[in-house]
Amino acid sequence: MDGRMRTATRRMTAVGATVLFAGTAVAAWWTIARTPRPHPSLQTNASAAEGRCPAPQSISAPPSEATAKPAAPETAGSPAAAEKPATPSKLERAKAAGVTVKVKKGETLIDLAADHLGSPDLWRDLLEVNADRISKPEQLRAGMLIRLPEGVRPATAEEVRVSRFLRSIKGVRFDEYVVRGGDTPASIAREHYGDAAKAAWIVSANADIFPTPPGAEQPLTKGQRLRLPKEYGPDTGHGG
């Protein structure tokens, strides 16, 4: 009796386990069956679209006009080049200034350059600003009006006199003498040369200092610096 009961109990336990397993399997199948799945064609289209879509890129600002298009070089016919005025030549500037000097008999471009420009070596500047009148120094004639470069004023008669004098004594050797109180040309000549008659040498050698030549016995200004020629001869233009 007890054996039959134990067998029946084991059978019932086995049946219950089978029923429980079957119920769990059915429930799992039902859950999976009810879950919606995408249509195969839709899944394929989505994958293809994803493949065609380019990777996102950073968006930069559009280039400015200065960097987008390089500036074109200015040519002779371009508007920018036409706007720039040409630099006037020395001749054009001298014409605009309108400063002239009248050539005297015997004067050369070297004389005029020394007198009005401060150096005989600047005679080419005069030739350049008078190129429409003369092309070489030999064409200079007395009575011509010669232009001076822009910014140059004509020398005064006194300045011309001093300029000519200084050029006349070029190459002559001198001693320097500082005038003392009571000195006269004669007293200096007597002391320096041993001959008061040579006061004329001193006066001639300092013509730029003495606009009005002093007399041999006229007192000189204390502190003046004078040139005392070492020697004069016929070729220097100064007599003794």
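Select helix 6, residues 109-117. Eight of its nine residues are buried (under 20% relative accessible area, where over 50% is exposed and anything in between partly exposed, with a 1.4 Å probe and protein chains only), so helix 6 is largely enclosed by the rest of the structure. Helices here are DSSP runs of H or I with at least four residues, strands are runs of E with at least two, and both are numbered from the N terminus. This is a predicted model, in which local features need pLDDT of at least 70 and side-chain atom pairs count only at pLDDT 80 or more, while totals for chains, interfaces and linings use all residues. Residues are numbered from 1 along each chain as its sequence is written, and side-chain values use heavy atoms, with hydrogens and water left out.

Within helix 6, display the buried residues: Leu109, Asp111, Leu112, Ala113, Ala114, Asp115, His116 and Leu117. Their cover includes strand 1 (100-102), helix 7 (123-129), strand 2 and helix 8, judged by contact, that is, heavy atoms within 4.5 Å. Immediately after the helix comes Gly118, with a positive phi near 95°.

Next, add helix 8, residues 157-168. Helices 6 and 8 pack at an angle of about 120°, and their axes are 9 Å apart. The axes are lines fitted to C-alpha atoms, for helices over the stretch in contact, and angles run from 0 to 180 degrees between N-to-C directions. That angle makes helix 6 oblique to helix 8; under 35 degrees counts as roughly parallel, over 145 as roughly antiparallel, 65 to 115 as roughly perpendicular, and the rest as oblique. At the interface, Ile110, Asp111, Ala114, Asp115 and His116 of helix 6 meet Val160, Ser163, Arg164 and Arg167 of helix 8. The residues of this contact comprise three nonpolar, two polar and four charged. In this grouping, Ala, Val, Leu, Ile, Met, Phe, Trp, Tyr, Cys and Pro count as nonpolar, Asp, Glu, Lys and Arg as charged, and the others, Gly among them, as polar.

Now move to Glu150, in the loop between strand 2 (145-147) and helix 8. Glu150 counts as partly exposed, at 48% relative accessibility. Leaving aside neighbours within four places in sequence, Glu150 is in contact with Arg93, Ala94 and Ala97. Val99 may also be selected: Glu150 and Val99 are 51 residues apart in sequence, yet 7.9 Å apart in space, C-alpha to C-alpha.

Helix 9, residues 185-193, is the next stop. Its buried residues are Pro185, Ala186, Ile188, Ala189 and Tyr193. Viewed down the helix axis, they fall within an arc of 160° (taken from the directions from the axis to the C-beta atoms), so they line one face of helix 9. Among the elements covering them are strand 3 (174-178), helix 10 (199-205) and strand 4 (225-229). Just past helix 9, Gly194 has a positive phi of about 75°.

From there, select Asn206, in the loop between helix 10 and strand 4. Asn206 counts as buried, at 0% relative accessibility. Not counting residues up to four places away in sequence, Asn206 touches Phe165, Arg225, Leu226 and Arg227.

Finally, show the whole chain. The chain has 10 helices and four strands, and buried residues make up 25% of its 240 residues. Of the contacts with a separation of 6 or more, 65% involve residues 24 or more positions apart.
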